Each structure stands twice: as structure tokens, then as C-alpha cells.
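Trainee: I have a new model open and would like to walk through it with you. Where do we start?
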Amino acid sequence: MKRLLVITLLTGVVYIGHAQTTIVRDPEIEAMVKEVNADSLQSYIKSMVAFGTRSTVSSVTDKKKGIGAARNWVLGKFQQWAAASGGRLTAFVDTTTYPADGRRVKEPINLGNTVATLKGTDPTDNRIFLISGHLDSRRTDVMDGVNDAPGANDDGSGSAAVMECVRVMSKHSFPATIVFVTVSGEEQGLLGANYMAKKAKAANWNIEAVLNNDIMGSNNSNETNIINNTQVRVFSEGLPAYELDKQAKNIRQLGLENDGKARQLARYVKEVGERYVDNLEVKLIYRNDRFLRGGDHTPYVENGYTAVRITEMNENYNHQHQDVRTEKGVVYGDLAEFMDFEYLRKNTAMNLANLANLAKSPSMPQEVKVEVRNLTNGTQLSWKASAAGKPKGYYVLMRETTSAVWERKFFVAGTEVNLPYSKDNYFFGVQAVSDAGNEGLPVVPVPGR
Ligand SMILES: [Zn+2]
């Protein structure tokens with residue numbers, strides 16, 4: 001037994017890092033990444049801006065202006081792309097009546113999320129991977145639903161990314177299901193995402209990851225002239241918003257404050273994004289969102305799902321939540337002319353690579369345990385095979401307790417391994433991997449006897 005494990009280690013060790021990287025790109029994902037197109041993204045944003053305003057409190061009946069026309073236009077595009085999917089992609093506008101709330105909604109509104117679902121091909125695989133952007137826009141006065149609010153970057157950029165992922169991915173099939181959504185109501189208080197997250201929880205949807213894209217297509221800040229189109233931020237919560245009281249003891253005892261599900265997803269997004277997209281660095285930001293601000297991933301984490309926020313490296317506040325105007329020679333407003341569509345292409349491709357890699361992966365290993373019966377200076381891990389998909393094997397991930405990212409991957413063909421590294425000194429995770437190299441999300445082991 002012991003000999004077998006040692007052989008597995010000697011033959012199967014994969015180091016990730018600089019010189020010894022053996023991780024290769026999946027050619028199917030690489031081809032999809034190449035198909036992501038800056039001109040397509042720009043054209044969607046031009047169309048979105050042409051609706052004048054996409055305020056959540058604007059008209060839902062006007063055929064040309066307002067959020068109703070905009071969400072129907074997105075639906076039309078989804079349906080157009082569905083034609084090439086052989087019936088696997090379906091789309092609709094998911095509406096609900098949202099009442100006056102005494103905050104940012106004065107009268108009851110018809111709230112609507114435009115949702116496309118690319119059904120997975122494996123009937124035994126109930127996993128869902130979700131990408132979200134918000135279609136609604138706002139003026140300086142968030143209650144103004146009449147005057148122009150172009151919202152090219154906030155969040156035309158995230159909505160365009162969602163649309164481009166539908167266009168490219170709907171021609172491919174994946175074992176797991178992918179849901180693409182452009183929500184409304186973000187600027188009014190995360191209303192559309194709240195509606196969707198609660199609905200998902202009530203229906204027990206097995207959403208394993210949410211990528212929320214909000215403000216991701218501008219490459220500069222208002223304070224400096226520095227252009228940065230090679231970095232993008234991924235925000236992830238540390239301590240979980242959901243049932244922290246139930247998890248706190250375990251987190252404290254095992255030092256897992258940096259190993260929650262959202263943080264694992266963020267690490268995954270970084271690794272896979274950088275694997276497939278050249279000249280892009282994904283920066284891990286250790287907080288749920290920007291300082292004291294909110295976004296559509298938050299209703300998901302509050303309902304127990306794993307969700308992160310993806311946002312450009314620097315924000316330009318002259319072009320965010322501002323009426324279009326010129327003051328002292330400075331142009332304010334969220335206009336497409338201030339965006340960088342090549343940067344948006346990279347950030348969109350980064351999302352696509354992650355969605356595809358997740359949706360092609362075997363499901364997570366189950367009952368992942370670290371043996372604690374005897375005190376040893378090694379780490380013995382065991383798990384049960386993935387329930388869905390056919391894993392080629394599993395990667396045991398390892399990192400120093402002070403490291404932000406996984407530093408080593410040990411390939412294991414079976415479902416147990418004994419590593420000569422102490423569980424006292426390293427963190428571990430286990431993820432399933434397919435023949436084509438598509439990894440699932442890692443699972444942190446729990447103490448087992
Ligand atoms: Zn936004």
C-alpha cells in the first residue's frame with residue numbers, strides 16, 4: 001500500500017509555477033477564447049446605450065427607450081444564438097412585480113432579468129455555473145427613470161460579456177448547465193440578483209459558482225493618466241456571509257479564514273483565467289466588494305452560494321453614476337468612448353475560460369477527509385469519487401499557510417494519498433480533473449478518523 005502511494009507521487013507530481021508548468025490548455029476552450037471579439041462587445045454596448053436610459057424605474061412598455069426595450073433586445077439576441085444550439089439554449093425574461101420599498105423604488109415596478117440557460121448534456125449532473133451582469137443604468141439621481149443614462153461601462157460591460165459568452169458558448173455542449181443572466185435593479189438595491197438568488201435557493205438549484213461582472217471595460221482612473229489594461233480584480237469574501245455562526249468554530253480552529261468557498265473560487269478564476277488569456281493578471285482582492293460598496297454577487301453569498309465580483313483594476317468616477325455633461329472642460333458620464341474594448345475582450349475571455357473549464361469538469365470529490373487518528377508529520381487524505389463526470393484523477397493542492405495561491409499540485413489517480421508534508425504547516429485542497437485537464441472547484445478536507 002505504502003509503496004503504491006509513493007509511486008503515485010513520484011510519477012504524478014505536477015508542479016505549478018515558473019519553469020515546470022505542465023498544465024496545458026484544453027484546445028476547445030482555447031478556440032472559444034479566441035472567438036471572443038472586441039467588435040462584438042462594442043456593438044452590444046452601442047445598442048444598449050441607444051435605449052437612452054436603462055434605469056430600472058424607466059418604461060417597460062416603450063418599444064425604443066427604457067429598460068423594457070433593452071431587456072427584450074437582449075432576449076432577442078439570446079434567442080438568435082439559441083438557434084445554433086440545437087435546442088439546448090433557452091431564454092426568457094423572468095419578471096416579477098417589485099413593490100414600492102420607501103428607498104429607491106417609489107411605485108411598484110415590473111422587474112425583469114433576461115436569462116439564458118445552456119442545458120448540460122449529462123442528466124446525472126445537476127451543477128449550474130452562473131455568469132451575471134446588470135443591464136440597468138442610472139443617472140446622478142438614481143430615481144430619474146426618464147433622462148439619458150448610457151451606462152456603457154456600468155454595467156454595459158458586464159452585460160456585453162454575458163452576451164458574448166452566450167454567443168460563443170451556445171455552439172458548444174457541456175456536461176453541466178450554464179446560466180447567463182443580465183439582471184435589472186442593481187442600482188436600485190440589487191433587486192434582480194436578490195430575486196434570482198432567493199428563487200434559486202427556494203428551488204434548491206445546485207449553483208456551484210457565480211461570476212458577477214460589474215464595471216470591467218475601462219482601463220484608467222480619474223486621478224491618474226496611467227493606463228492599466230493588463231490587470232483585473234476578483235473580489236471574494238473571507239468569512240462567509242451565510243451562517244457564519246455555524247462555521248465560525250471550525251474556521252477558527254483550523255485557521256480557515258482564507259479558505260472559504262468564495263476565496264477558493266477566486267483562486268480558481270485567477271489560475272484558469274491566466275492560463276487561457278494572455279497579458280492579463282487576475283488580482284485577488286481579499287474582501288467581498290470594494291470599500292463599503294455592493295454588487296450582485298452579494299445576494300448569492302448571503303443565500304449560501306459561492307460568488308465573486310469581477311471588476312476592472314481602476315475605476316474612473318467621472319464616468320460612473322454621472323449625468324452626461326461637460327464642466328470646466330471635463331466630460332462626465334458613462335459613455336462608450338471612454339472604454340477599452342480590447343481590455344473588455346480579455347476580461348470577457350477570462351470569464352468564458354472559467355465557465356467552460358468548470359462546466360466541463362467532473363463534479364467535486366465527496367467526503368474529502370484528512371486523517372487525524374494519529375499524530376504524524378505527514379498528511380493523509382482520502383475522498384470519494386466525483387458523482388458526475390469521469391475524472392482522470394484528482395489534484396491535491398498544497399500551499400504555505402501564508403501563500404495567497406496554491407503552490408503545488410499532486411496528481412493522484414485514486415482516492416487517497418499520503419503526502420510527506422505536514423498538515424500543521426500547509427493548507428490542502430482536492431479537486432477532480434478530466435482527461436482534457438478541466439478541473440473542478442477544490443474541496444478543503446475536514447478532519448476524519
Ligand atoms: Zn454596476
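Mentor: Let's start with one word we'll need: contact means heavy atoms within 4.5 Å. Also keep in mind that this is a predicted model.

Trainee: Got it. Which residues of H5 meet which residues of H10?
Mentor: On the H5 side they are Ser157, Ala161, Glu164, Cys165, Val168 and Met169, and they meet Leu344, Thr348, Leu352, Leu355 and Ala356 in H10. By class, that contact has 8 nonpolar, 2 polar and 1 charged residues.

Trainee: And at what angle do H5 and H10 pack?
Mentor: Helix H5 (residues 156–169) packs on H10 at about 50 degrees, and their axes are 9 Å apart. That angle makes H5 oblique to H10. The crossing of the pair is right-handed.

Trainee: What about H2 and H10, which angle do they make?
Mentor: Helix H2 (residues 27–35) makes an angle of about 155 degrees with H10, with the axes 9 Å apart. The two helices are therefore roughly antiparallel, since angles over 145 degrees count that way. The crossing of H2 and H10 is right-handed.

Trainee: Which side chains should I click on for H2 and H10?
Mentor: Try Glu28, Ile29, Met32 and Val33 in H2, which meet Ala349, Leu352, Ala353, Ala356, Asn357 and Lys360 in H10. The residues of this contact divide into 7 nonpolar, 1 polar and 2 charged.

Trainee: Let's switch to the sheets. What is the strand order in the sheet of 8 strands?
Mentor: The order is E2-E3-E5-E4-E6-E9-E7-E8, in an open sheet with mixed pairing. From one strand to the next, the twist averages 25 degrees.

Trainee: Which strands stand at the edges there, and why is one side of each left without a neighbour?
Mentor: Strand E2 (89–98) and strand E8 (281–285) are the edges; each has a single partner strand, so one side has no neighbour in the sheet.

Trainee: How do the side chains point along E8?
Mentor: They alternate. Val282 and Leu284 point to one face and are buried, while Glu281, Lys283 and Ile285 point to the other and are not buried. Leu284 also turns up in the pairing, as the bridge partner of Val234.

Trainee: So how many bridges join E7 to E8, and are they parallel or antiparallel?
Mentor: There are 5 bridges between E7 and E8, and the two strands run parallel. You can do the same check on strand E4 (residues 127–134) and strand E5 (residues 177–183), which run parallel and are joined by 7 bridges. In that pair, Ile128 stands opposite Thr177 of E5.

Trainee: Which strands does H10 touch?
Mentor: Helix H10 (residues 341–360) packs on the sheet and touches E4, E5, E6, strand E7 (231–235), E8 and strand E9 (307–312). The direction of H10 makes about 165 degrees with that of E4.

Trainee: And H6, which strands does it lie across?
Mentor: Helix H6 (residues 191–202) lies across E2, strand E3 (109–118), E4, E5 and strand E6 (206–213). Relative to E3, H6 runs at about 55 degrees.

Trainee: I also see a sheet of 4 strands. In what order do they come?
Mentor: That one is open too, in the order E16-E13-E12-E18, and the pairing is mixed. Strand E16 (416–419) and strand E18 (446–448) are the edge strands, each pairing on one side only. On average, neighbouring strands are turned by 30 degrees against each other, direction ignored.

Trainee: How do E12 and E13 pair?
Mentor: Strand E12 (residues 366–371) and strand E13 (residues 379–384) pair in the antiparallel sense over 3 bridges. Look for Val370, which stands opposite Leu381 in E13.

Trainee: Last topic: backbone oddities. Which peptide bond is cis?
Mentor: The one from Asp154 to Asp155, where omega is near 0 degrees. Asp155 lies in the loop between E4 and H5. For background, most peptide bonds are trans, and most residues other than glycine have a negative phi.

Trainee: Speaking of phi, what is the value at Glu243?
Mentor: Phi of Glu243 is near 50 degrees, a positive value in a residue other than glycine. Glu243 sits in the loop between E7 and helix H7 (244–254), and is partly exposed, with a relative accessible area of 33%.

Trainee: And where is His321?
Mentor: His321 is in the loop between E9 and strand E10 (325–327). Phi of His321 is positive as well, near 55 degrees. With a relative accessible area of 28%, His321 is partly exposed.

Conventions: Residues numbered from 1 in each chain as written. Predicted model: local features only at pLDDT ≥ 70, side-chain atom pairs only at ≥ 80, totals over all residues. Heavy atoms only, no water. Pairing = 2+ DSSP bridges. Axes fitted to C-alpha atoms, helices over the stretch in contact; angles between N-to-C directions. Buried < 20%, exposed > 50% of the residue type's maximum accessible area, 1.4 Å probe, protein only. Parallel < 35°, antiparallel > 145°, perpendicular 65-115°, else oblique. Left-handed = near helix turned anticlockwise from the far one by under 90°. Nonpolar A, V, L, I, M, F, W, Y, C, P; charged D, E, K, R; others polar.
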